[in-house]
Amino acid sequence: MNQTESPAVTLSAPALPSDLRFAFVEASWHADIVHQARDAFFTTMAEGGFPATSIDVFDVPGAFEIPLHAQRLARSGRYAAVVGSALVVDGGIYRHDFVSQTVVQALMDVQLDTGVPMISAVLTPHHFHEHAEHRKYFMRHFAVKGTEAAEACLLTVAGLRKLDAQLAV
């Protein structure tokens, strides 16, 4: 999704069955920031007709643990889509961009293997510092990403259901 523009989404337009379930897998590192994405995701999903009771949240230690949880959740057949959310920052020990790239690639692999949409809100800033201004900026940014993740989730699930119906003819 574009960082500056959100699609013109009418969340109730593509009618989805109300019994669908969604999973949200979130890393515990920088939880106060990551929770902003989760909270915005819940708000936008509710606007689209899916209340909090339709969404299961799974906490994992860090971003690296998200794909394995996502894979098991997708293979369970219980979820219409799985969202992964994490803030991967440069801790000075390893290449944080490598971790983020690995996680996103693994989510893509799970998506292609299972057919269950994987929505990524795994973000890797070039610079993150533990001071008030950066924390405030990323808290706002993660709220935007949570909204975009919900929009992508609803649109992707609706689009796949439409595609499946067209292919069944």
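**Exercise 1. Strand 3**

Task: Find which residues of strand 3 point one way and which point the other way, and decide whether they are buried or exposed.

Solution.
Step 1. Sort the side chains by direction. Ala81, Val83, Ser85 and Leu87 point one way from strand 3. Val82, Gly84 and Ala86 point the other way.
Step 2. Recall the general pattern. In a regular strand the side chains alternate between the two faces of the sheet.
Step 3. Check the cover. The model is a predicted one. In it, seven of the seven residues of strand 3 are buried.

**Exercise 2. The strand partners**

Task: State how many bridges join strand 3 to strand 4, and how many join strand 1 to strand 3.

Solution.
Step 1. Take strand 4. Six bridges join it to strand 3, and the two run parallel. Glycine 84 stands opposite serine 120 in strand 4.
Step 2. Take strand 1. Five bridges join it to strand 3, and this pair also runs parallel. Here phenylalanine 24 stands opposite valine 83.
Step 3. Go on to strand 2. Strand 1 and strand 2 run parallel, joined by six bridges. Alanine 27 stands opposite valine 60 in strand 2.
Step 4. Place the strands in the chain. The protein chain has four helices and four strands. From the N terminus on, the order is β-α-β-α-β-α-β-α.

**Exercise 3. Strand 1**

Task: Which residues lie on each side of strand 1, and are they buried or exposed?

Solution.
Step 1. Look at one side. Phe22, Phe24 and Glu26 are there, and they are buried.
Step 2. Look at the other side. Ala23, Val25 and Ala27 are buried too.
Step 3. Conclude. Six of the six residues of strand 1 are buried.

**Exercise 4. Two faces of helix 2**

Task: Why can the buried residues of helix 2 be said to line one face?

Solution.
Step 1. List the buried residues. In helix 2, residues 66-75, these are Ile66, Pro67, Ala70, Leu73 and Ala74.
Step 2. Look down the axis. The buried residues fall within an arc of 125 degrees, so they line one face of helix 2.
Step 3. Turn to the other side. Arg72 and Arg75 are exposed there.
Step 4. See what follows the helix. Glycine 77 comes after helix 2, and its phi is positive, near 80 degrees.

**Exercise 5. The nonpolar cores**

Task: Which residues have the most contacts inside the largest nonpolar core, and which elements supply the core?

Solution.
Step 1. Start with the count. The largest nonpolar core has 28 residues. Phe22, Phe41 and Met45 have the most contacts inside it.
Step 2. Name the suppliers. Strand 1, helix 1, strand 3, strand 4 and helix 4 each give at least two residues to this core. Helix 4 provides the largest share, nine residues.
Step 3. Take methionine 45. Beyond residues up to four places away in sequence, it touches Phe22, Phe50, Ile55, Ala150, Cys153 and Leu154.
Step 4. Add the second core. This separate core has 20 residues, including Ala74, Val82, Val116 and Val122.
Step 5. Recall a general tendency. In soluble globular proteins, nonpolar side chains tend to be buried together.

**Exercise 6. Aromatic pairs**

Task: Classify the pair of phenylalanine 24 and phenylalanine 41, then the pair of phenylalanine 58 and tyrosine 79.

Solution.
Step 1. Count the pairs. There are three aromatic pairs.
Step 2. Take phenylalanine 24 and phenylalanine 41. Their centres are 5.2 Å apart, with 45 degrees between the planes, and the pair is tilted.
Step 3. Locate these two rings. Phenylalanine 24 is in strand 1 and phenylalanine 41 in helix 1, 17 residues apart.
Step 4. Check their cover. Phenylalanine 24 has a relative accessible area of 1% and is buried. Phenylalanine 41 is buried at 0%.
Step 5. Take phenylalanine 58 and tyrosine 79. Their centres are 6.4 Å apart and their planes stand at 90 degrees, so this pair is edge-to-face.
Step 6. Locate this second pair. Phenylalanine 58 is in strand 2, and tyrosine 79 is in the loop between helix 2 and strand 3.
Step 7. Apply the cut-off: buried means under 20% relative accessible area. Phenylalanine 58, at 24%, is partly exposed. Tyrosine 79, at 10%, counts as buried.

**Exercise 7. Glycine 62**

Task: Where does glycine 62 lie, and which residues is it in contact with?

Solution.
Step 1. Find the place. Glycine 62 lies in the loop between strand 2 and helix 2.
Step 2. Check the cover. Its relative accessibility is 7%, and it counts as buried.
Step 3. List the contacts. Leaving aside neighbours within four places in sequence, glycine 62 is in contact with Ala27 and Trp29.

Terms used
Residues numbered from 1 in each chain as written. Predicted model: local features only at pLDDT ≥ 70, side-chain atom pairs only at ≥ 80, totals over all residues. Heavy atoms only, no water. Core = buried A, V, L, I, M, F, W, Y, C linked by side-chain atoms within 4.5 Å. Buried < 20%, exposed > 50% of the residue type's maximum accessible area, 1.4 Å probe, protein only. Contact = heavy atoms within 4.5 Å. Arc of directions from axis to C-beta. Phe/Tyr/Trp six-rings, centres within 6.5 Å; stacked < 30°, edge-to-face > 60°. Pairing = 2+ DSSP bridges.
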